[in-house]
Amino acid sequence: MRNEEHECPIRDAFERLGIKGLDIILTHTATQVDRVLYELHRLEGDGPGEVARLLFGTACVNEVLSLASDVFEETECLSHSREQRIIARIAKGTHTLADIDWIRSRAGALTDDRLLEMRPFDGGDSEAKELNRKVVRGRVPHTCHWIQQTIQPGERHLVIKEVVEGEFLTTRHSLVAVYLDVIGEDPGLAGHLAPKPIDEVAA
């Protein structure tokens, strides 16, 4: 018996781009094409050429790769502008749930190496010695140090272990908190997403 699930190279190519489902593959809208080109440009090594050749044919590879580069740069430019507007709204406390959903979707694409770049306590008054840091997927729920929201089991997050004024301290940082620190370049920005104290809300 043939295993048809593994005999569709074009579907495999789309899945390599992170796009799954024949309903998406067969829906040729401008948005879907842009997404294909964007994800194509993000592939490493020989990936862009290999996937472009499979999806569009050998004769079109150079043209497709050039177009993918243009789409990627335009998308990143637009995303950066939107990102800056959202960051400004978070700082002012005027952000929306849609803003946070957008940040969360971008944060999910961060590599482990980028997560490890977080420096949430730089410039603090207390003397701290970092022992180690690592990216983990917890088996039980945890709480994000900055946002005070639950990090669900299986969700990637950063764990930092330190000695602060003679006491051991372990903090956990969600993807959103890390994103706002590393990409937003503001260690305290995620704190604006934490629930406000009751007395502050009442005032």
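Start with the whole chain: of its 203 residues, 33% count as buried, where buried means under 20% relative accessible area, exposed over 50% and partly exposed in between, with a 1.4 Å probe and protein chains only. This is a predicted model, in which local features need pLDDT of at least 70 and side-chain atom pairs count only at pLDDT 80 or more, while totals for chains, interfaces and linings use all residues. Residues are numbered from 1 along each chain as its sequence is written, and side-chain values use heavy atoms, with hydrogens and water left out.

**Whole chain**

Show the cartoon. The chain has nine helices and five strands, taken as DSSP runs (H or I of at least four residues for helices, E of at least two for strands) and numbered from the N terminus. Followed along the sequence, the pattern is α-α-α-α-α-α-α-β-β-β-β-β-α-α. Turn on the surface next. The accessible surface comes to about 13,100 Å², and 51% of this belongs to carbon and sulfur atoms; the areas come from the Shrake-Rupley method with a 1.4 Å probe, and for residues only the protein chains shown count as cover. Of the contacts between residues at least 6 apart in sequence, 59% join residues at least 24 apart, a contact being heavy atoms within 4.5 Å.

**Helices α1, α3 and α4**

Select Asp 12 in helix α1, residues 9-16. Asp 12 is partly exposed, at 36% relative accessibility. Now add Val 51 and draw a distance: the C-alpha atoms of Asp 12 and Val 51 are separated by 9.4 Å, with their positions 39 residues apart along the chain.

Val 51 belongs to helix α4, residues 47-56, where Gly 47, Pro 48, Gly 49, Val 51, Ala 52 and Leu 55 are buried. An α-helix has 3.6 residues a turn, so residues three or four places apart point the same way. Step just past α4 to Gly 57, which takes a positive phi of about 95°.

Go to Leu 40 in helix α3. Is Leu 40 buried or exposed? Leu 40 is buried, with a relative accessible area of 1%. Leaving out residues up to four places away in sequence, Leu 40 touches Leu 17, Pro 48, Val 51, Ala 52, Val 64, Leu 65 and Ala 68. Select Phe 14 as well: its C-alpha atom is 9.3 Å from that of Leu 40, and the two are 26 residues apart along the chain.

**The largest pocket**

Which residues are closest to the centre of the largest pocket? First, its size: about 460 Å³ of space lies there. Select Tyr 38, Arg 42, Glu 76, Arg 106 and Ala 109, the closest to the centre among the 16 lining residues. The elements that give two or more residues to this lining are α3 (30-42), α5 (61-92) and α6 (97-107). Helix α5 gives the most, with six residues.

The search uses a 1 Å grid over the protein atoms alone; a pocket is an open set of points with protein on both sides within 12 Å along at least five of seven lines, and lining residues have an atom within 4 Å of a point. Colour the lining by class to see eight nonpolar, three polar and five charged residues. Here Ala, Val, Leu, Ile, Met, Phe, Trp, Tyr, Cys and Pro are nonpolar, Asp, Glu, Lys and Arg are charged, and the others, Gly among them, are polar.

**Cysteines**

Select Cys 60, which is partly exposed at a relative accessible area of 32%. Then select Cys 144, which is buried at 1% relative accessibility. The structure holds zero disulfides, a disulfide being a pair of cysteine sulfur atoms within 2.5 Å.

**Loops**

Most residues other than glycine have a negative phi, and most peptide bonds are trans. Select Glu 165, in the loop between β4 (156-164) and β5 (167-173). Its phi is positive, near 50°, and Glu 165 is exposed, with a relative accessible area of 62%.

Move to Glu 185, in the loop between α8 (175-182) and α9 (198-202). Glu 185 also has a positive phi, about 60°, and is exposed at 66% relative accessible area.

Finish at Asp 122, in the loop between α7 (112-115) and β1 (128-137). Asp 122 is exposed, with a relative accessible area of 56%. Add Pro 187 to the selection: from C-alpha to C-alpha, Asp 122 and Pro 187 are 7.9 Å apart in space and 65 residues apart in sequence.

Notes: On a 1 Å grid over the protein atoms alone, a cavity is a set of points where a 1.4 Å probe fits but cannot get out, and a pocket is an open set with protein on both sides within 12 Å along at least five of seven lines; lining residues have an atom within 4 Å of a point. Grid points are joined across faces, edges and corners, and a volume is the space filled by probe spheres set on the points.
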